[in-house]
Amino acid sequence: MSIQRPKGTQDLLPGYIEKWQYLEEVIRKVCFEYGYEEIRTPVFESTELFKRGVGETTDIVNKEMYTFLDKGERSMTLRPEGTASVCRAYVENKLYGTQQPVKLYYVGPMFRYERPQTGRFRQFHQFGAEVLGADKPVVDAEVITLVWDLYQRLGLTGLEVHINSVGCPSCRPLHRESLQSFLDQRRTDLCRDCQDRFDRNPMRILDCKNPSCQTLTHGAPTTLDHLCEDCASHFTQLQELLEAAGVAYKVNSRLVRGLDYYRRTAFEVLVEEIGAQSAICGGGRYDGLVEEIGGPSTPGIGFAMGMERVLAAIEVQKKFPELKPAQFAMVIALGDKAQQRGFSILSELRKSGVPASIDLVGRSLKAQLKAADRVNAHYALILGQDELDRGRVVIRNLRLGEQSEVPVSEIVSVISDKYREGARV
RNA sequence: GUGGUUGUGGCGAAGUGGUUAACGCACCGGAUUGUGGCUCCGGCACUCGGGGGUUCAAGUCCCCUCAUCCACCCCA
């Protein structure tokens, strides 16, 4: 058997790539309007960055990273997410020395070694945004609003925006303690994973999907019950701002995101209809991350959106606009002499910005018209020996099935005029 | 890492052990000689994912393997 693409990767072919281009276009537009600028960082980084930035206890670092040694024996890793890289770039390029906050976004491939399934790939794509250097609740609100706004523009419905506050280093220990004492006597009834989590990261038990863990944690103290004054007011203000912006959110006190760095605000956007992997966006505040990576103490918040999943949602909800690429004109030349003339006409058309093509494989007139039809061309410019002798070109309107003749010298201006008029028929 | 699903021509899809492996779509060509989208006709598979086995005989049964898809874990 011939070589095939690696498991969990995909070839994005013409016919579908237009949908990606459309999504990227909307993303860039929204980001521009919100004043976010693009950043591009390497697709691989020192392994250490992700160990520190994502967290040693996470599944991503423990079992999902594409790690390799380069020829200089340095351990490198294909980026599993974007936030760590953006923070690294912020520190390395001393963006903390510029006007704060810094508002950035990125679009690109991420890599995670996992078993593929619906909405999950080994190479997938994320759109993400990060705001570094601002800690007020408005920032959180703006970021969530951006996400919401983007989904609105894409026409998506039935979305659920879940928000929560996981507290900060000063209030989280209190929650941890009270949660542990709540669960202590039923500890052995928890699933195996949660028994591990009990000491390591008990908060995650709240988020466990195992039904028995869910009943056991029913009525358990949540982080919201233990927020310190600052965190509580931050969360309240966030909600007020989201209401002001018209974002339909739900407080979900069991929402605990997987990455270690989250602080205070955590949020997630879910859609049904796209399979078991229903989260199309996840994010939160990470005020300690930049420092963890060796930079100055800097607050930060951001999110990552799975583009494949967003596209799947747009697809099932049938919200893609008409995306039909069309060649405006097809030059149909018969014979070598006509081909030369036709080729020169074609090149003039292209110079004036008209999308146009010519037969490249020596097809018959009939076959060329068929081909013109297939690329949705508006006009066929027919040039044979006959026309050549008389210095004229046949213009056939393929939509109407009507045709007329025009002198060769005028053909380019006639067609480009029609193109500019945006001729629909 | 665990569980299940599927694997026939470019795509979709028949085929319930036995001569030349249906059909649809797509593609290419043609229907009195230079005009498309409809219709009609014709062309287009020597590994039925790969390997091994059972049998007189296997796409059809068994084993192994690879790939795929779906689900769990976790995540976007």
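Here are four short exercises, with worked solutions, on a predicted model of a protein with RNA strand B.

**Exercise 1. Which residues come nearest to RNA strand B, and which element gives the most to the surface near the strand?**

Start with the closest residues. There are 49 residues around RNA strand B, and Arg 112, Arg 115, Arg 120, Arg 197 and Asp 386 come nearest. Next, turn to the strand itself: sugar and phosphate make up 54% of its atoms that come within 4 Å of the protein.

Now look at single polar contacts. The side chain of Gln 117 has an N or O atom 3.3 Å from a phosphate oxygen of RNA strand B. Two other contacts go to bases. A polar side-chain atom of Lys 366 is 3.5 Å from a base nitrogen, while a polar backbone atom of Asp 386 is 2.9 Å from a base oxygen.

Then sort by element. Those giving two or more residues to this surface include helix H3 (59-63), strand S6 (123-132), helix H7 (192-200), helix H13 (365-374) and helix H14 (385-390). H13 gives the most, with six residues. To finish, sort by class: the surface near RNA strand B holds 23 charged, 13 polar and 13 nonpolar residues.

**Exercise 2. Find the largest nonpolar core and say which helix gives it the largest share.**

First, pick out the residues that touch the most other members. In this core of 52 residues, they are Phe 127, Tyr 151, Leu 154 and Phe 303. The largest share comes from helix H5 (residues 137-153), which gives nine residues.

Next, take Leu 154 as an example. Leaving aside residues up to four places away in sequence, Leu 154 touches Tyr 22, Leu 23, Val 26, Val 310, Ile 314 and Lys 319. Finally, note that another core, of 26 residues, lies apart from the largest one; among its members are Ile 39, Leu 49, Tyr 261 and Ile 293.

**Exercise 3. Is helix H4 mostly covered or mostly exposed, and what covers its buried residues?**

Count first. H4 spans residues 83-92, and nine of its 10 residues are buried, so the helix is mostly covered. The buried residues include Thr 83, Cys 87, Arg 88 and Tyr 90.

Then look for the neighbors. The cover over the buried residues of H4 includes strand S2 (44-46), helix H2 (47-54), strand S5 (102-111), S6 and helix H10 (289-292). After the helix comes Lys 94, with a positive phi near 50°.

**Exercise 4. How are Lys 29 and Glu 33 placed in helix H1, and which salt bridges can you find?**

Begin with the pair. The side chains of Lys 29 and Glu 33 form a salt bridge, at 3.4 Å from N to O. Both belong to helix H1 (residues 17-34), and because they are four residues apart, about one helical turn separates them. The general rule is that an α-helix has 3.6 residues a turn, so residues three or four places apart point the same way. Glu 33 is partly exposed, with a relative accessible area of 42%.

Next, widen the view: Lys 29, Glu 33, Asp 149 and Arg 153 are linked in a salt-bridge network.

Now try two further pairs. Glu 114 and Arg 120 meet through their side chains at 3.6 Å, N to O, and Glu 114 counts as buried at 16% relative accessibility. Arg 363 bridges to Asp 359, with the closest N and O atoms 3.6 Å apart. Here Arg 363 is partly exposed at 42%, whereas Asp 359 is buried at 12%. The full count of salt bridges is 22.

How values were computed
Residues numbered from 1 in each chain as written. Chains lettered and ligands numbered in written order. Predicted model: local features only at pLDDT ≥ 70, side-chain atom pairs only at ≥ 80, totals over all residues. Heavy atoms only, no water. Near = heavy atom within 4 Å. Polar contact = N/O pair within 3.5 Å; in protein donor to acceptor, adjacent residues only side chain to side chain. Nonpolar A, V, L, I, M, F, W, Y, C, P; charged D, E, K, R; others polar. Core = buried A, V, L, I, M, F, W, Y, C linked by side-chain atoms within 4.5 Å. Buried < 20%, exposed > 50% of the residue type's maximum accessible area, 1.4 Å probe, protein only. Contact = heavy atoms within 4.5 Å. Salt bridge = Lys/Arg side-chain N within 4 Å of Asp/Glu carboxyl O.
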